[in-house]
Amino acid sequence: MISISVTALVFGVVFLAELPDKTALAGLVLGTRYRASYVFAGVAAAFAVHVALAVAAGSVLTLLPQQIVHAITGVLFLGGAAVLLMKKDEDEEEIRKPGNQSFWKVSGAGFMLILVAEFGDLTQIMTANLAARYDDPFSVALGAVLALWAVAGLGIVGGKALMKRVPLAFITKIAALLMLALGVWSLYEAVAG
């Protein structure tokens, strides 16, 4: 059974952490060059693969004693918050244009770009942490994949407008504060439990 509260929490944390990421910029660039639906299909498939891998890794952590899991996830969340706070603005990367605009070429380019760029990325590590923290793989996977798809859709369709209205630095700070709070809470539970 899916927990709406876990799904919503995971969605919020992953959504905010992914917004300032380079893949949102990559989606924006691809979306301006190609048919949005083709780009989204490839990007969405790559994110689904990443979430499945992250949730599987996080589920393995649940086999450890609960206090150790809380301590590990607390430290990793604090590390993630530090990475976000120290992150420099990323430049838009030049993305190679496929020779033709067919569905398979465009979605394949989007899939490969995200598959490579997101491997071991902060949001993938966060998803693994959340899967370990809540021991609810389906709720975590649903929240994470919906958040990643939402950011991809925003990046592909309306990224320029969003970035003009909401400063990237503000979004990054909100995501870092959420991760900091989750890290402190997890460490508290490790010590108190």
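In helix H3 of this predicted model, the buried residues are Tyr38, Val39, Gly42, Val43, Ala44, Ala46, Phe47, His50, Val51, Ala54, Val55 and Gly58. H3 itself has 26 residues and reaches 37 Å from its first C-alpha to its last, close to the 38 Å expected at 1.5 Å a residue. That makes H3 a good place to start a walk through the protein chain.

**The overall plan**

Let's step back to the whole chain. The protein chain has eight helices and zero strands, and its elements, read from the N terminus, run α-α-α-α-α-α-α-α. Of its 193 residues, 42% are buried. Contacts between residues with a separation of 6 or more are made up, for 92%, of pairs 24 or more positions apart. On the outside, the protein chain exposes about 9,700 Å², and 71% of this area is supplied by carbon and sulfur atoms.

**Helix H1 and the nonpolar core**

Helix H1 covers residues 4-18. With 15 residues, H1 reaches 21 Å between its first and last C-alpha, close to the 21 Å expected at 1.5 Å a residue. The buried residues of H1 are Val6, Thr7, Val10, Val13, Val14, Phe15, Leu16, Ala17 and Glu18.

Which residues touch the most other members of the largest nonpolar core? They are Val10, Val14, Val39, Met126, Leu130 and Val140, in a core of 34 residues. The elements giving two or more residues to this core are H1, H3 (36-61), H4 (66-86), H5 (103-118), H6 (122-134), H7 (137-165) and H8 (168-192). H7 supplies the largest share of this core, eight residues.

Two residues give a closer view of the packing. Leaving out residues up to four places away in sequence, valine 140 touches Val6, Val10, Val55, Thr127, Leu130, Ala131 and Tyr134. One of these partners, threonine 127, is found in helix H6. Is threonine 127 buried or exposed? At 1% relative accessibility, threonine 127 counts as buried, because buried means under 20%. With residues up to four places away in sequence again left out, threonine 127 touches Val14, Val51, Ala54, Val55, Val140 and Ala144.

**A nonpolar patch on the surface**

Nonpolar residues also appear on the outside. Ile2, Phe11, Phe138, Leu142 and Leu146 make a nonpolar surface patch of about 440 Å². H7 gives the largest share of the nonpolar patch, three residues. One member of the patch, leucine 142, lies in helix H7 and has 31% relative accessibility, so leucine 142 counts as partly exposed.

**A salt bridge**

Side chains of opposite charge can pair when their charged atoms come close. How many salt bridges are counted in this model? The count comes to one salt bridge. In this salt bridge, the side chains of glutamate 189 and arginine 133 meet at 2.8 Å, N to O. The pair links distant parts of the chain, with glutamate 189 in helix H8 and arginine 133 in helix H6, 56 residues apart. Glutamate 189 is partly exposed, with a relative accessible area of 23%, whereas arginine 133 counts as buried at 9% relative accessibility.

**A loop and the chain end**

Most residues other than glycine have a negative phi. Aspartate 135, however, has a positive phi, near 50°. Where does aspartate 135 lie? Its place is the loop between H6 and H7. Aspartate 135 is exposed, with a relative accessible area of 52%.

Glycine 193 is found in the segment after H8. The C-alpha atoms of glycine 193 and histidine 70 are separated by 9.3 Å, although the two residues are 123 residues apart along the chain. Apart from its neighbours within four places in sequence, glycine 193 is in contact with Gln67 and Tyr188.

The table gathers the accessibility of several residues from this walk.

| Residue | Relative accessible area | Class |
|---|---|---|
| Threonine 127 | 1% | buried |
| Arginine 133 | 9% | buried |
| Glutamate 189 | 23% | partly exposed |
| Leucine 142 | 31% | partly exposed |
| Aspartate 135 | 52% | exposed |
| Glycine 193 | 69% | exposed |

How values were computed: Residues numbered from 1 in each chain as written. Predicted model: local features only at pLDDT ≥ 70, side-chain atom pairs only at ≥ 80, totals over all residues. Heavy atoms only, no water. Helix = DSSP H or I, 4+ residues; strand = E, 2+ residues; numbered from the N terminus. Buried < 20%, exposed > 50% of the residue type's maximum accessible area, 1.4 Å probe, protein only. Contact = heavy atoms within 4.5 Å. Areas by Shrake-Rupley, 256 points an atom, 1.4 Å probe, with all protein chains shown as cover. Expected span 1.5 Å × (residues − 1). Core = buried A, V, L, I, M, F, W, Y, C linked by side-chain atoms within 4.5 Å. Patch = residues over 30% accessible without salt bridge, like charges linked within 9 Å, V, L, I, M, F, W, Y side chains within 5 Å. Salt bridge = Lys/Arg side-chain N within 4 Å of Asp/Glu carboxyl O.
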